[in-house]
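Visitor: I should like a close look at a single part of this protein. Please explain the salt bridges and their surroundings in a connected way.

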Amino acid sequence: RAWQESVPLKELQRRGVCLLKLHAASQRTGLYGRLLVTFQPRKHDLDAELPSNSFGPGDIAGLYEAASQGDALCTGIVTRVTSRAVTVAFEDPQDTLSLDHERSYRLLKLANDVTYNRLKKALNALKQYRGGPASDLIDVLFFSAEPRAFSETKPLQLYNNSLDASQREAVSFSLAQRELAIIHGPPGTGKTTTLIEIILQAVQQGLKVLCCAPSNVAVDNLVERLARHSLRILRLGHPARLLEPIQRHSLDAVLARGDAAQIVADIRKDIDQAWTKSKKAQDKGERSHFLNEIKTLRKELKEREETAVAAALSHASVVLATNTGASSEGPLKLLPDNHFDLVVIDECAQALEASCWIPLLKAPKCILAGDHKQLPPTIISHKAAAKGLALSLMERLIGRYGQRVVKMLVVQYRMHEAIMQWASSELYDGRLTAHPTVAQHLLKDLPGVTSTEETTTPLLLIDTAGCGLFELEVEDEQSKGNPGEVQLAGLHVQALVEAGVKAKDIAVVAPYNLQVDMLREHLGHSYPELEIKSVDGFQGREKEAVILSFVRSNRKGEASLL
């Protein structure tokens with residue numbers, strides 16, 4: 001916050017942490033009586049878009065009057081962001097928040113300490129944990145007891161008969177373990193497909209499953225895949241993607257279809273009407289009467305909604321949330337401690353171990369899935385990383401138990417074997433094999449793509465040494481950029497598109513944000529469907545063609561994070 005106060009507002013907007021000149025386009029009462037306000041750019045053009053920004057669901061935002069240099073009117077949580085509007089939920093809007101449609105406002109992204117507080121609370125709960133459902137699991141995860149398997153298991157009737165041998169083995173093994181199973185899924189090996197089968201089998205056995213991942217996108221991916229089956233699933237938190245199958249299973253949508261929906265809708269309507277009357281009230285006494293009415297209605301709304309939420313949670317076979325969204329400060333506080341039988345954590349190798357302990361304390365067994373040979377958790381503090389925060393739970397457990405708790409998926413369905421070969425030998429002990437459908441697959445085999453040098457080469461490495469393609473030398477710039485590589489990447493995109501490869505099937509990836517910005521500036525207008533992302537941003541995605549710009553090229557031969 002300190003640096004924000006010393007930076008001009010226009011610069012804050014340029015950095016994506018502030019939105020200026022907004023007006024309150026609409027407001028309504030949301031879950032638990034929160035006031036949901038949708039802000040749009042204050043322009044005469046109805047289709048005016050918000051400037052590029054980093055606001056996302058779950059962020060904490062301060063609301064200020066545009067002309068005021070003083071304190072925030074109040075703070076709220078961002079619930080939805082589109083290209084034209086941002087919606088913020090205000091927990092307990094005071095009398096001050098009678099938003100005027102004619103006035104201009106600004107939103108400022110504030111430091112979000114919610115995650116930190118939840119991590120700290122989970123670690124304190126772990127420290128004091130005695131005799132709960134996760135007791136045996138904790139012993140295994142801290143090496144004071146050995147992992148065990150059930151003595152007998154029934155043969156499985158698979159939901160997905162197209163699983164390969166390593167996927168089937170991972171499913172059987174995971175269900176047979178008593179406390180812990182780890183699925184190691186290298187790129188393209190069908191890790192999510194395997195997890196879905198495990199979850200379906202667990203539900204069929206009558207187990208209640210809590211399914212988590214470190215990011216909203218990863219959770220949405222699981223929701224989308226589970227939604228294809230006739231399961232009772234419930235998504236907590238804020239879906240990052242506004243796809244109908246995902247929205248349909250969000251808590252708000254499930255409640256809207258529930259038995260109490262009409263009564264709750266009527267109470268919300270009464271609150272909205274009381275708000276309107278309080279604004280029009282002439283004297284203080286009349287205004288106070290309406291505000292007291294709102295307070296009473298809010299209390300009734302909260303009680304009714306909590307009852308409905310508890311019923312929805314109990315009814316669901318699978319509850320999905322981010323690791324921190326599974327906190328007992330959220331809706332899960334309404335369930336008994338022993339409600340869940342199994343916790344599944346996807347992308348576990350990318351999660352801070354501390355975040356995994358939020359869901360892990362809620363069940364006697366866990367299944368962890370991920371790839372510890374890919375990106376580790378994002379740690380900004382070098383000191384914290386050096387003291388062990390960069391080591392994921394998955395990597396720590398594999399280091400101790402090895403193959404006793406791990407099953408690795410070994411058939412990949414994503415890339416040509418020439419691309420796979422290096423990764424397989426360097427990272428996966430040469431165990432990966434390419435499925436026949438992709439082993440010799442080239443770009444020229446795609447419909448409408450002609451045979452050129454670009455489309456018949458599965459792997460092309462370009463050495464720019466001696467070509468004068470040096471990185472930028474910028475004094476205060478933390479990130480790195482290389483204009484020559486931007487031009488080179490552009491030429492390859494052009495060649496691919498001219499050969500018939502669709503721009504939406506191509507990704508350009510770079511390890512530095514400055515290079516990503518430069519690539520977007522150079523290519524974004526010509527190829528709006530081209531995906532240009534950082535390595536972190538592209539993690540877990542796939543495209544027919546990927547162009548990777550390594551950026552670093554200098555006379556000192558420095559490569560730092562590469």
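Guide: The following account treats the salt bridges and the places of their partners.

The model is predicted, so local features need pLDDT of at least 70 and side-chain atom pairs count only at pLDDT 80 or more, while totals for chains, interfaces and linings use all residues. Residues are numbered from 1 along each chain as its sequence is written, and side-chain values use heavy atoms, with hydrogens and water left out.

Side chains of opposite charge can pair when their charged atoms come close. A salt bridge is here a side-chain nitrogen of Lys or Arg within 4 Å of a carboxyl oxygen of Asp or Glu. By this rule the count comes to 22 salt bridges.

One of them joins E329 to R118, with the closest N and O atoms 3.6 Å apart. E329 lies in the loop between β10 and β11, whereas R118 belongs to helix α3 (residues 114-127), so the pair ties together parts that are 211 residues apart in sequence. Helices (H or I, at least four residues) and strands (E, at least two) are DSSP runs, numbered from the N terminus. E329 is partly exposed at 37% relative accessibility; buried means under 20% relative accessible area, exposed over 50%, and partly exposed in between (1.4 Å probe, protein chains only). A network of salt bridges links R118, K121 and E329.

The loop between β10 (318-322) and β11 (342-345) also holds G325. G325 is partly exposed, at 22% relative accessibility. The C-alpha atoms of G325 and P359 are separated by 8.8 Å, although these residues are 34 residues apart along the chain.

A second salt bridge is formed by the side chains of R304 and E300, at 3.1 Å from N to O. Both residues are in helix α11 (residues 284-315), and because they are four residues apart, about one helical turn separates them. R304 is partly exposed, with 36% relative accessibility, and E300 is partly exposed too, with a relative accessible area of 32%.

A further salt bridge brings together the side chains of K543 and E531, at 3.2 Å from N to O. This pair links distant parts of the chain, 12 residues apart: K543 is in the loop between α20 (535-538) and β18 (545-548), and E531 is in strand β17. K543 is partly exposed, with a relative accessible area of 22%, whereas E531 is buried, at 10%.
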